[in-house]
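Let's take a walk through this structure, one stop at a time. Keep the 3D view open and turn it as you read.

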Amino acid sequence: MIDLSTLAPPAPAAEPNDATPKRVWFHTFGCQMNEYDTGKMRAQLRIDGYQDAAAPDEADLILLNTCSIREKAQVKVDSALGHYRRLKRLGQPVVIGVAGCVAQQEGQALLTRYPDLDLVFGPDGVPHVRKLVEEARSGRRVLDTDFLDLEAYPFVSDLDPSVDGIGAFVTIQKGCDNKCTFCIVPATRGAEASRPSTQVIDEVRGLVGKGVQEITLIGQNVNSYGLKTPGEVTFAQLLYEVAAVPGVSRIRYTTSHPRDMGDDVVAAYRDLPALASHLHLPVQSGSSAVLRRMKRFYTREHYLDVVNKLRAARPDLALTTDVIVGFPGETDDDFDATMALLDEAQFVTSFSFKYSQRPDTAALRLKDPVPDDVASERLSRWQVAQRVRSLAWTRGHEDQEVEVIIEGPSRHEPTVLCGRTSGNLMVNFPGDPSLVGRSALVRVTRGFTNTARGELIA
Ligand code: SF4
């Protein structure tokens, strides 16, 4: 175990300490938080001369940034690790590290299971990745799963050097103080800490200076931003501050907790045109009884009340959500209540999963597991109904003129541009690549389940 007290704080302005070009291959699993953590590691390692490798077999360093929120995600990590370890056994001189939530959860067990693994560190190791990699390169096997001091949490303010698009994530918070009974995040990412708003605004300014127009603020429960820090602004106030930075065209954020969605945030939807007309508000279940067992601390009625207030403030708000089916004790009636919510809340898309048992979670102790075939059947019913609703939503845009920010050419058709509406609908339309980064008015000609086709008007 490396002693963190000996580590220097992150040094954004440090000079490269090794001019030799080195190649790093990142493999990122899971959520946007992980994508952003990977960006921060890339920024830190760039100081030491690391460039992105074109392929894993060209890398001096392979870092897997892992997710353990569902069992399936964890299985994927094991399989990828097997592939990378084979490269090492074939003679490639590569340092292999596992970062993120699986690393935090398994720690020493990973090093024991994989004798050729060099480095294991949890999400709180990200600010110190340079030091950890240096240790591993010197031949030591390194384990770092300590949580850092919340009072002085070193939020890394380096900008991801790979940011070259029109959108970027900005971390405003780490960890979570909630204890939803199905969730492993508090065990893997630790308690909640809010990043100082001055740092957040500085980073937003820096990103805008690099051409970024769309800022996505990220945290596990953004609505509780600042509440633990005396003198800090609230999340709603932070939204107003970000919107006031010249050059910010759009603001998104994730993830919200329905219990903490206050009237001040609802008011921001009325006041701030830059706040996107899209909100991801995870409901998890439409049954108040199931929500109680999940320890979500809101009811179905409260959720719908919040949705109604939001729609009163922003009538065209596109709402997306997360749903878990087959949670222990979920009856047919409970599930029917969830299905009914699809129409009542009008979710335009959703991430839906069968409940999967995770270590260190309170739901492991709950009785009345739902048989797998029942959970599968419920998941499939939800997903079929969701696809119908998603298609109805995209088709509802047909013949309408929508404003998009053009994000780039399509991966499959270089002469086709991809633009995103404020409501998060991706519209593909023929256009000149010189328009990338501009706003455009597009007429939607055809809606598909998740995207739409259109033609440029202006
Ligand atoms: S709010 Fe609940 S689901 Fe979200 S990260 Fe915290 S514990 Fe997990």
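Which residues are around the ligand? Before you look, keep in mind that this is a predicted model. Around the ligand you'll find Cys176, Asn178, Cys180, Phe182, Cys183, Val185, Pro186, Gln220, His257 and Arg296. Sort that shell by character and you get six nonpolar residues, three polar ones and one charged one.

One residue of that shell, Phe182, also turns up in the contacts of Arg358, so let's go there next. Arg358 sits in the loop between S14 and H13. Is Arg358 buried or exposed? With a relative accessibility of 3%, Arg358 counts as buried, because the cut-off for that is under 20%. Leaving aside residues up to four places away in sequence, Arg358 touches Ser68, Ile69, Arg70, Glu71, Gln74, Gln105, Phe182, Ile184 and Leu364. Take a look at Ser68 in particular: its backbone oxygen lies 2.8 Å from a polar atom of the Arg358 side chain.

Now for the charged pairs. How many salt bridges are there? The count comes to 31, and a few of them are worth a visit. Start with Arg140 and Glu135, where the closest N and O atoms are 2.6 Å apart. Arg140, at 40% relative accessibility, is partly exposed, while Glu135, at 16%, counts as buried.

Glu135 belongs to helix H5 (residues 129-137), where Val129, Arg130, Leu132, Val133 and Ala136 are buried as well. What covers the buried residues of H5? The cover includes helix H1 (32-47) and a set of strands: S2 (50-52), S3 (61-66), S4, S5 (119-121) and S6 (142-144). After H5 comes Gly139, which has a positive phi, near 105°.

Two more salt bridges make a nice pair to look at. Arg205 and Asp202 have their closest N and O atoms 3.8 Å apart. Both sit in helix H7 (residues 197-209), three residues apart, or about one turn of the helix. Arg205 is partly exposed, at 49% relative accessibility. Then there's Lys309 with Asp263, whose closest N and O atoms are 3.1 Å apart. This one links distant parts of the chain, 46 residues apart: Lys309 is in helix H11 (residues 300-313) and Asp263 is in helix H9 (residues 263-271). Lys309 is partly exposed too, at 34% relative accessibility. Salt bridges can also join up, and here Asp37, Lys40 and Arg189 are linked in a network of them.

On to the aromatic rings. A search of the whole structure turns up six aromatic pairs. To describe such a pair, you give the distance between the ring centres and the angle between the planes. For Phe235 and Tyr253, that's 4.9 Å centre to centre and 75° between the planes, an edge-to-face pair. Phe235 is in helix H8 (residues 235-243) and Tyr253 is in strand S11 (residues 250-254), so the pair links distant parts of the chain, 18 residues apart. Phe235 and Tyr253 are both buried.

Why does the pair of Phe327 and Tyr355 count as edge-to-face? The ring centres are 5.1 Å apart and the planes stand at 80°, so the pair falls in that class. Where do the two rings come from? Phe327 is in the loop between strand S13 (318-325) and helix H12 (332-346), and Tyr355 is in the loop between strand S14 (347-354) and helix H13 (372-395), so the pair ties together parts that are 28 residues apart in sequence. Phe327 is buried, with a relative accessible area of 0%, and Tyr355 counts as buried at 16%. There's also an aromatic cluster to find, made up of Tyr298, Tyr303, Phe347 and Trp382.

Last stop: Gly91. Look for Gly91 in the loop between helix H2 (71-89) and strand S4 (95-99). Unlike the buried residues above, Gly91 is exposed, with a relative accessible area of 57%. To get a feel for distances, find Asp332 as well: Gly91 and Asp332 are 241 residues apart in sequence, and their C-alpha atoms are 55 Å apart in space.

Note on methods
Residues numbered from 1 in each chain as written. Predicted model: local features only at pLDDT ≥ 70, side-chain atom pairs only at ≥ 80, totals over all residues. Heavy atoms only, no water. Salt bridge = Lys/Arg side-chain N within 4 Å of Asp/Glu carboxyl O. Buried < 20%, exposed > 50% of the residue type's maximum accessible area, 1.4 Å probe, protein only. Helix = DSSP H or I, 4+ residues; strand = E, 2+ residues; numbered from the N terminus. Phe/Tyr/Trp six-rings, centres within 6.5 Å; stacked < 30°, edge-to-face > 60°. Near = heavy atom within 4 Å. Nonpolar A, V, L, I, M, F, W, Y, C, P; charged D, E, K, R; others polar. Polar contact = N/O pair within 3.5 Å; in protein donor to acceptor, adjacent residues only side chain to side chain. Contact = heavy atoms within 4.5 Å.
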